Amino acid sequence: MTDPHSRLRDALDALDAAFASVVSAPITVGGCTYCYAESDLAALAGPVERVPEGLLASVAAKSSDHWEDFPALYRRMTPRIVRLLVTDRLHVDHGLIASRLLAAGWQDWPASQRGALEQVWHAWWRSALHEYPGTAYVLGVLETVAVSTGALAPWLTAWAGARTEAADRHLDDALDDWLFEGQLGGLWLGFYRELDAGAELLPWLLSLEADRIGAARRAAVEQISLDRAAPPS
């Protein structure tokens, strides 16, 4: 069986192949000349592999109103943005990348491109869960894949089924984050809070085997779940 890291590398290569025609097509890039010099816009219109990483990170993060045709530009840059993101070389908030992909309308792209991106997400998630400690911040990966696809359930199902020491240690760290100051019940994911995570995380955590989260944490999750369900006073 192919190891998770190899599957991720293969998925990234497949993503490059799926976007090859978009990446190589001529494009004119117009954008905010207050934020970007003409040389920056020219670089973005040139070969994608030659765009400096700092400029690419800026494009990955900036809002759509900085560009004349944001969806076209973001789609063209997606393979490099995603490769840098999953290899921990893109220092941009994970939730922001997911929100930008939604703004670029990635779910309306051709099926081959959507499918290739989804395969990267699945391979990245498996790779992150199977290594501890790892280069990937598991909750950042989860936020990216869940917000961009609009669903937590498939990723949580995979986590529940990954009965490895690494996956359980990631879960232990995640619970520390989620339970800090009781934030789990009102947790939203995405830069613009697109996904109500608490609504899915609470029943999922309570569905796990007791030994995976421990009695004290389970009691805390149960109380948060009760508090969330209670009518406002």
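Which residues in α7 meet which residues in α9? On the α7 side they are W121, H122, W125 and L129. On the α9 side they are W155, A158 and W159. By class, this contact holds six nonpolar residues, one polar residue and no charged residue. The model shown here is predicted, and this helix pair is a good place to enter it.

Two numbers describe the geometry of such a pair. Packed helices are characterised by the angle between their axes and by the distance between those axes. Helix α7 covers residues 111–129, and helix α9 covers residues 153–161. Their packing angle is about 35 degrees. Their axes are 11 Å apart. The hand of the α7 and α9 crossing is right-handed.

Now step back to the whole chain. Its secondary structure consists of 13 helices and two strands. The C-alpha atoms occupy a box of roughly 60 × 50 × 30 Å along the principal axes. The radius of gyration is 19 Å, which agrees with the value near 17 Å for a compact globule, because the chain has 233 residues. Of those 233 residues, 43% count as buried. The accessible surface comes to about 11,300 Å². Carbon and sulfur atoms account for 53% of that surface. Contacts also reach along the sequence. Take the contacts between residues at least 6 apart in sequence: 67% of them join residues at least 24 apart.

For a view of the interior, go to T78. This residue sits in helix α5. Is T78 buried or exposed? T78 counts as buried, because its relative accessibility is 0% and the cut-off for buried is under 20%. Leaving out residues up to four places away in sequence, T78 touches F19, L101 and W109.

Just before α5 in the chain comes another loop. E68 lies in this loop, between α4 (53–61) and α5. E68 counts as exposed, because its relative accessibility is 71% and exposed means over 50%. Which residues does E68 contact, beyond its neighbours within four places in sequence? They are G30 and G31. E68 and G31 are 37 residues apart in sequence. In space, their C-alpha atoms are 5.6 Å apart.

On the other side of α5 is D88. The loop that holds D88 runs between α5 (70–86) and α6 (94–103). What is phi of D88 near? The value is near 65 degrees, which is positive in a residue other than glycine. D88 counts as partly exposed, because its relative accessibility is 41%, between the 20% and 50% cut-offs. Two distances help to place D88. Its C-alpha atom is 18 Å from that of L101, with the two positions 13 residues apart along the chain. L101 is also one of the residues that T78 touches. The second distance is to A25. The C-alpha atoms of D88 and A25 are separated by 28 Å, and the two residues are 63 residues apart along the chain.

A25 itself belongs to a loop, the one between α2 (20–24) and α3 (38–45). A25 counts as partly exposed, because its relative accessibility is 29%.

Two more backbone features deserve a look. Phi of R193 is near 55 degrees, again a positive value in a residue other than glycine. R193 lies in the loop between β1 (188–189) and β2 (195–196). The other feature is a peptide bond. Which form does the bond from Y132 to P133 take, cis or trans? The bond is cis, with omega near -10 degrees. P133 is placed in the loop between α7 and α8 (138–149). That brings the tour back to α7, the helix that packs with α9 at an angle of about 35 degrees.

Definitions and conventions
Residues are numbered from 1 along each chain as its sequence is written. This is a predicted model: local features need pLDDT of at least 70, side-chain atom pairs count only at pLDDT 80 or more; totals for chains, interfaces and linings use all residues. Side-chain values use heavy atoms; hydrogens and water are left out. Axes are lines fitted to C-alpha atoms, for helices over the stretch in contact, and angles run from 0 to 180 degrees between N-to-C directions. Helices (H or I, at least four residues) and strands (E, at least two) are DSSP runs, numbered from the N terminus. A crossing is left-handed if the near helix is turned anticlockwise from the far one by less than a right angle, and right-handed if clockwise. Contact means heavy atoms within 4.5 Å. Ala, Val, Leu, Ile, Met, Phe, Trp, Tyr, Cys and Pro count as nonpolar, Asp, Glu, Lys and Arg as charged, and the others, Gly among them, as polar. Buried means under 20% relative accessible area, exposed over 50%, partly exposed in between (1.4 Å probe, protein chains only). The radius of gyration is taken over C-alpha atoms; the globule rule is 2.2 Å times the number of residues to the power 0.38. Accessible areas come from the Shrake-Rupley method with a 1.4 Å probe; for residues, only the protein chains shown count as cover.
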